[in-house]
Amino acid sequence: MSEYQYYEFLALDKPLTATEKADIESLSSRVHITSNQATFVYNYGDFRGNPQEVLEKCFDIMLYMANWGSRQLMFRFPKSLIDVAALEPYCLEDYITVSTKRNSVILDINIRDEDISGWIESGEGCLSGMVSLRDKILQGDYRCLYLAWLKAATIHFDCEEEDLLEPSVPPNLDNLSGSLSSFIEFFEIDQDLIASSVTASEFQQEEGELEDLIPKLSERERNDFLVRLLKGESHLGIQLTHRLRELTGKRESMLIVIPADVLYPNY
């Protein structure tokens, strides 16, 4: 059987310009491109561009998959909206990385697992079920990052027997959304690993009460948000959520050092 590689890029915050589309089209004759999406399929050969550079320049999410066990999901975030320090505990060298660019932050989840099952015939449709994870991360929901860490940690432990610095288990791990289920399926994350972490995951109610904090904003600040809303500013809801959370004094997550043989006794 021939090899199969699939790349998909999505632009969420703004459509591609004519110049950007022309630049993307110049990378390959196999591109299928619209105003907010570009896909590339290879049965031989490879992508001529640098995926992270293409993402940083034109797009907000990238998915890559190959039939030898590679799965990759990259997100580009506006630097002003993401807490880089909060992402760092989930990083694991060669698998989950965060890089800061001039105006953005790139989160790269890159899993290479030869044990991933099945022969890929098409990657179309895989990304659509995970698009909402970008906004979830911007809102401070790091469940997908913890799940990715679980997957990466098992592969890392197979290669190197060492204690791992495990991030604290995020809340509501026992209440997975459709996008998280798609994420688990895409990376083939062991359900037993997830189940063992659920007991340490606290229940956290949805933050509907944040709207009750709006009167605590000054009149000038409330009016500023309204003016920016009228101008169609991107991610305004996320910025307002961040501001209201500042008023709640939400505590920082903690790190726990867990020996590898305790965390993964069956590996």
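This passage describes the strand arrangement and the internal cavity of a predicted model.

The sheet is open and holds seven strands. Their order is 2-3-1-4-5-7-6, and the pairing is antiparallel. Strand 2 (32-33) and strand 6 (96-100) occupy the edges. Each of these two has a single partner strand, so one side of each lacks a neighbour in the sheet. At the strand 2 edge, two bridges connect strand 2 to strand 3 (residues 37-42). These two strands run antiparallel. Within this pairing, I33 has A38 of strand 3 as its bridge partner.

Helix 6 links the description of the sheet to that of the cavity. This helix lies across strand 4 (61-66), strand 5 (70-78) and strand 7 (104-112). Relative to strand 5, helix 6 runs at about 140°. Helix 6 (178-187) also supplies at least two residues of the lining of the largest cavity.

The count comes to one cavity of 30 Å³ or more. The volume of the largest cavity is about 50 Å³. Its lining consists of L133, K136, I137, D141, R143, C144, S177, S179 and L180. By class, four of the lining residues are nonpolar, two are polar and three are charged. Besides helix 6, helix 4 (133-138) and helix 5 (143-159) each provide at least two lining residues. Helix 4 gives the most, with three residues.

How values were computed. Residues numbered from 1 in each chain as written. Predicted model: local features only at pLDDT ≥ 70, side-chain atom pairs only at ≥ 80, totals over all residues. Heavy atoms only, no water. 1 Å grid on protein atoms, 1.4 Å probe; cavity = no way out; pocket = protein on both sides within 12 Å on 5 of 7 lines; lining within 4 Å. Points joined across faces, edges and corners; volume = space filled by probe spheres on them. Helix = DSSP H or I, 4+ residues; strand = E, 2+ residues; numbered from the N terminus. Nonpolar A, V, L, I, M, F, W, Y, C, P; charged D, E, K, R; others polar. Pairing = 2+ DSSP bridges. Contact = heavy atoms within 4.5 Å. Axes fitted to C-alpha atoms, helices over the stretch in contact; angles between N-to-C directions.
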